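Please open the model in your viewer and keep the selection tool at hand, since this tour proceeds from one selection to the next.

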Amino acid sequence: MKKLLSLALAALLCLVAIGAVAETVSLDKLTLQFVPSKDADVIITGTKNLPELLKAALLEQGYDIGEIDISVGTSYEATGEAMAAGTIDIGWLPGGTYALFSDEVDVILTATRAGLSNDSEDPRTWNGEANKTLKNGPQVTFYRSLIYATPSAYGKELAAKVNAGEALTWEDLEKANWAVLKNSSSAGYIYPTLWLQENYDKKITDLPNVITLSGYGDAFAQAAAEAVDVIVCYADGRNDYEAAWTLATDTADETGKAGMGRSDSIWNELNVIGVTPGIYNDTVSITKANPAVYNPEFIAAMQNALINVINTEEGKAIFDVYSHTGYAVATDADYDGARAALKVAQ
């Protein structure tokens, strides 16, 4: 009897093992892409350990991935288009870019981040070394875009007027040389357009002197060179470029950002002149064009895997490149506001 029980138990364990193997799904390759909201080399360096961490996390969810490829899009739209075509499986898209491509891609996660020490809509409270913003607020699912006056001669005039408590006029703004991002960028275009519409009944397209840049690193470089008078960026942008701002141009900060050669603090030289409404946080989105990943089982596995990764110290360090401190499961309806904002901006 004991021998029969032992044989039965062995057979049962064998069947369980076979079942466990059968439940693991193998995928040859998974393609991930980040948008260029930071310098591409900074993103690639910061996320270099992500493939191995994510492979291990997905294996725990029943998916054995042969290769995970990480790249940075040449623009926000380029990443959206690649996902729409199915050449990129998973993309980190801002809300506005997601809204633009939400027929072809689907949101699976929303980033959470540490709120800032300041969330005021009064631009004066953001300016000067004494008002330096700290990333020490509670976890939030939104952020703001800020309109910044650069240290150019005219930028200083705009900043002085705001810091004196005077309201800027449309005439003040249309004289300035602006630098913005492409029109699917939430902080770099859509919400600054909303700010202009709410305060002046105008849009970025009504400004006569505008250049379009590919990323925020370029915007800060243009500001430091005094090549433009106004730039737009997410609210903690000065934190990210603080060290590089005063480094020599032939050096780089510890994250790889090139020095910009300024002598005074970024908090003194780059003054806020406008504060936008809150922007729903960045997404992790998935292509609808690849059935191997666009299915409920893989989506759940990817959601769990990324949440598990970012809850580790190494994972937190990786996603700090985007100021993401956590991920929460998201639905398409969460970005209805972003779609409405995009419609206005376009």
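The stops below begin with the whole chain, go on to helices and their packing, and end with single residues.

**The whole chain**

Before selecting anything, bear in mind that the model is predicted. With the full chain in view, you are looking at 14 helices and 12 strands, and the C-alpha atoms occupy a box of roughly 95 × 40 × 35 Å when it is taken along the principal axes. Of the 346 residues, 52% count as buried. If you display contacts between residues at least 6 apart in sequence, 74% of them join residues at least 24 apart.

**Helices H3 and H12**

Select residues 50-60, which form helix H3, together with residues 296-310, which form helix H12; the two pack with their axes 9 Å apart and at an angle of about 125°, which makes H3 oblique to H12. The crossing of this pair is right-handed. To see what fills the contact, show the side chains of Leu50, Leu53, Leu54, Ala57 and Leu58 in H3, which meet Phe298, Ala301, Met302, Ala305, Leu306 and Val309 in H12. Sorted by class, this contact has 11 nonpolar residues, with no polar and no charged ones.

**Helices H8 and H14**

Next, select residues 186-200 for helix H8 and residues 336-345 for helix H14, whose axes come within 9 Å and cross at roughly 65°. That angle makes H8 roughly perpendicular to H14, and the crossing is left-handed. On the H8 side the contact is made by Tyr189, Ile190, Tyr191, Thr193, Leu194 and Gln197, while H14 contributes Gly337, Ala338, Ala341, Leu342, Val344 and Ala345. The classes here are 9 nonpolar, 3 polar and no charged residues.

**Helix H4 and its surroundings**

Move to residues 76-85, helix H4, and colour Tyr76, Glu77, Thr79, Gly80, Ala82 and Met83, which are the buried residues there. What do the buried residues of H4 pack against? Around them you will find strands S1 (25-34), S3 (90-93), S4 (105-114) and S11 (283-287), along with helices H5 (95-101) and H9 (216-224). Following H4 comes glycine 86, with a positive phi near 90°.

From here, select phenylalanine 101, which is placed in helix H5. Phenylalanine 101 has a relative accessible area of 10% and is therefore buried. When its neighbours within four places in sequence are left aside, phenylalanine 101 is in contact with Glu77, Gly80, Glu81 and Ala84. A distance label from phenylalanine 101 to glycine 80, C-alpha to C-alpha, should read 6.1 Å, although the two are 21 residues apart in sequence.

**Arginine 144**

Now centre on arginine 144, which you will find in strand S6, residues 142-149. Is arginine 144 buried or exposed? Its relative accessibility is 10%, so arginine 144 counts as buried, the cut-off being under 20% relative accessible area. Its side chain is joined to that of aspartate 119 by a polar contact of 2.7 Å. Apart from neighbours within four places in sequence, the residues in contact with arginine 144 are Asp119, Glu121, Cys233, Tyr234, Ala235, Val275, Thr276, Pro277, Gly278 and Ile279.

**Loop residues**

Three selections in loops complete the tour. Glutamate 226 sits in the loop between H9 and strand S9 (230-234), and its phi is positive, about 60°, although the residue is not a glycine. With a relative accessible area of 37%, glutamate 226 is partly exposed.

Serine 323, in the loop between helix H13 (313-319) and strand S12 (326-329), is another residue other than glycine with a positive phi, near 65°. Serine 323 has a relative accessibility of 8% and so counts as buried.

Finally, select alanine 248 in the loop between helix H10 (237-245) and helix H11 (266-269), where its relative accessible area of 40% makes alanine 248 partly exposed. How far apart in space are alanine 248 and leucine 109, C-alpha to C-alpha? The separation is 39 Å, for two residues that are 139 apart in sequence.

Key. Residues are numbered from 1 along each chain as its sequence is written. This is a predicted model: local features need pLDDT of at least 70, side-chain atom pairs count only at pLDDT 80 or more; totals for chains, interfaces and linings use all residues. Side-chain values use heavy atoms; hydrogens and water are left out. Axes are lines fitted to C-alpha atoms, for helices over the stretch in contact, and angles run from 0 to 180 degrees between N-to-C directions. Helices (H or I, at least four residues) and strands (E, at least two) are DSSP runs, numbered from the N terminus. Angles under 35 degrees count as roughly parallel, over 145 as roughly antiparallel, 65 to 115 as roughly perpendicular and the rest as oblique. A crossing is left-handed if the near helix is turned anticlockwise from the far one by less than a right angle, and right-handed if clockwise. Contact means heavy atoms within 4.5 Å. Ala, Val, Leu, Ile, Met, Phe, Trp, Tyr, Cys and Pro count as nonpolar, Asp, Glu, Lys and Arg as charged, and the others, Gly among them, as polar. Buried means under 20% relative accessible area, exposed over 50%, partly exposed in between (1.4 Å probe, protein chains only). A polar contact is a pair of N or O atoms within 3.5 Å; within protein, one must be able to donate a hydrogen and the other to accept it, and residues adjacent in sequence count only if both atoms are side-chain atoms.
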